[in-house]
Each structure stands twice: as structure tokens, then as C-alpha cells.
Amino acid sequence: MPEGHTIHRLSRDLKQDLKNIFVAASSPQGRFAEGARLIDGKELIRSEAWGKHLFLSFGHQQSVAALVHIHLGLIGKFRPKTLDTETKESIRLRLKGNESFWDLTGPQDCRLIDKSEYFHLIERLGPDPLRRGSNVKDFQASLIQKKVPIGAALLDQSIVAGIGNVYRAEFLFLHGINPNREASKVSTSEAADLWFTFQELLRIGVRLNRIVTVSQDDGGATPGRLPRKRSLYVYKREGLPCRRCSNEITIGKIGGRSCWWCSVCQPI
Ligand SMILES: [Zn+2]
């Protein structure tokens, strides 16, 4: 599932490719035909990521004609293509860019929204560590009130926006925090440390367009050079030896989804 780094990277790449041109938009599948008609022939004025949500504003000069909300969900993809590889039935939205065309397939959401729906959506989102102006204090304040496991709290987009199943397991490992610990029992300084790790590693995720959490010390190579199967500490590594202590990695259900941890490195 795409996490926040994917959406921020997407937002940036779309801006790069579609800037200063009149975009040709279509919905080959037909399910976003009305929206595509409104966008067609307009410019991309603004592209914004907030957690796992993408907001694209189309119009002319500063006047917005259409605001599109996209959430990729579990299986959605929005990728640049140079060859027509998707079947027509699967393409919700196609945008023609300078370098390539962008095909959106399988999104959880792709719809036109108005300003009030936009504000309603972002009001429900917690701080996004990749956004300028996001605040560690907001994260600390909501964490302290939660009686749920920290592993579940990190998936709650109203507490912190943009973290998904891979990053939550990895961040907790890096700070030696057991995912079953109650969120309110995570100290203020631990919460601050987590927050700065979110920022640091999500930025690496945006740059590399993939998730890498293993440090150079533990992995023996810089993040950009680490092969995929050596780039994570615990995610989907149940039964395998911990990269730091060799203990077997544990798997359990937390917040309704599988989570992985090392019971030696993350005792409580
Ligand atoms: Zn360990």
C-alpha cells in the first residue's frame, strides 16, 4: 500500500511533468468522465499531498475550475507511462504530460470536491511530517490521550498522517518501542524522537521512491544502494533473525493489521 512518501513524490512529479501546459484529460474507463471533461484543456495549478491524500487543482492562471481528491487506497497506482500497457477498463483517469502520460488505476477515491469538502477532509487529518509547518507538539498531544497500542495509533491518520503498515513497524523497531505498548505510555521525548525519525526517513522515501529504513551501519551500504530484501528491519520478516540481535522476528495483529517486531530490541 502506498504510504505518505509515495503521495508526496507523486505530487512533486506531477507538478514537474504537467507544469505550464494545457493538460489533456480523459477517463478511458468512464467512471470519472465528468471530472476528466472539466480538467481537459486546463492547467495544473496546484498539487498538494497531505498524508495519503492527493489534491490536484486545475484551472487557468489562479482561477480553479476543478479540485480533484485522489486516495490510492490499498491497490491504487498513478504512474507515468510511455507505452499504453493498461486495459482501457482499468484507467480511471489519464493525464497527458510533457514527458509521458499518467494513468490512474484502482484508486479508493478519485472525485471532484469543493472547497468545503477539502477543508472537511484535512480537518480530520493529523500532522503530516513531510509538510512544512507540521508540528511535533500536535503529534505528542494526541498520542498522550490514546488508550490504544502505539502500533494502532501510528496507523490512525488523525494522529499522524502518511504512515502505513510498513513504516509503523519499522519506526517502532528503530526506537525500541513494543507496538503493543499503550500510546499514552510513550513519553514526550520518545514521541519527539519518533517524529524526527518520521521526517528523516519519509524524506529518504520520497527521494528514493521506496521505503528504506536500514541504516548504513546495519546494512553495510547507503540507503540508495541497499537491495530491497535488505532495506527493512522487521516488516514481513517473521521467523527471520533480527538484524541487530539475531532473535526471531515476531508477527501479531495490531490495529487490525499484521505487525512485526523483535521482542528483545522492543521489550516494552
Ligand atoms: Zn532484535
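Which residue just after α1 takes a positive phi? The points below address this and other features of the model, which is a predicted one.

1. Backbone after the first helix. The residue in question is Asn20, whose phi is about 60°. It follows helix α1, which covers residues 4-18.

2. Length of α1. The helix comprises 15 residues, and at 1.5 Å a residue the expected span is 21 Å. The C-alpha atoms at its ends are 21 Å apart, so the expectation and the model agree.

3. Placement of α1. This helix lies across β2 and β3, and its direction makes an angle of about 170° with β2.

4. Burial within α1. The buried residues of the helix are Gly4, His5, Thr6, Ile7, His8, Leu10, Ser11, Leu14 and Leu18. Their cover includes the strands β2 and β3, on which point 3 has already touched. It also includes β5 (77-81), β6 (91-96) and β7 (101-105), together with the helix α7 (188-208).

5. The four-stranded sheet. An open sheet is built from 4 strands in the order β2-β3-β4-β8, with antiparallel pairing. The edges are occupied by β2 (43-50) and β8 (109-113); each has a single partner strand, so one side of each is left without a neighbour in the sheet. On average, neighbouring strands of this sheet are turned by 20° against each other, direction ignored.

6. The β2/β3 pair. Strand β3 spans residues 53-60 and is joined to β2 over 7 bridges in the antiparallel sense. Within this pairing, Ala49 stands opposite Leu54 of β3. In general, the strands of a sheet pair through backbone hydrogen bonds, in either a parallel or an antiparallel manner.

7. The β9/β10 hairpin. Strands β9 (residues 250-254) and β10 (residues 257-261) run antiparallel and are joined by 5 bridges. Lys253 is placed opposite Ser258 in β10. The two strands form a hairpin with 2 residues between them, and in the turn Gly255 has a positive phi of about 65°.

8. Overall composition and dimensions. The protein contains 8 helices and 10 strands. Its radius of gyration is 20 Å, close to the 18 Å given by the globule rule for 268 residues; the protein is therefore as compact as a globular protein of that length. Along the principal axes, the C-alpha atoms fill a box of roughly 55 × 40 × 30 Å.

9. Burial and contacts. Of the 268 residues in the protein, 38% are buried. Among contacts with a separation of 6 or more, 60% are between residues 24 or more positions apart.

Conventions. Residues numbered from 1 in each chain as written. Predicted model: local features only at pLDDT ≥ 70, side-chain atom pairs only at ≥ 80, totals over all residues. Pairing = 2+ DSSP bridges. Axes fitted to C-alpha atoms, helices over the stretch in contact; angles between N-to-C directions. Contact = placed C-beta atoms within 7 Å. Expected span 1.5 Å × (residues − 1). Buried ≥ 20, exposed ≤ 12 C-beta atoms within 10 Å, placed from the backbone. Rg over C-alpha atoms; globule rule 2.2 N^0.38 Å.
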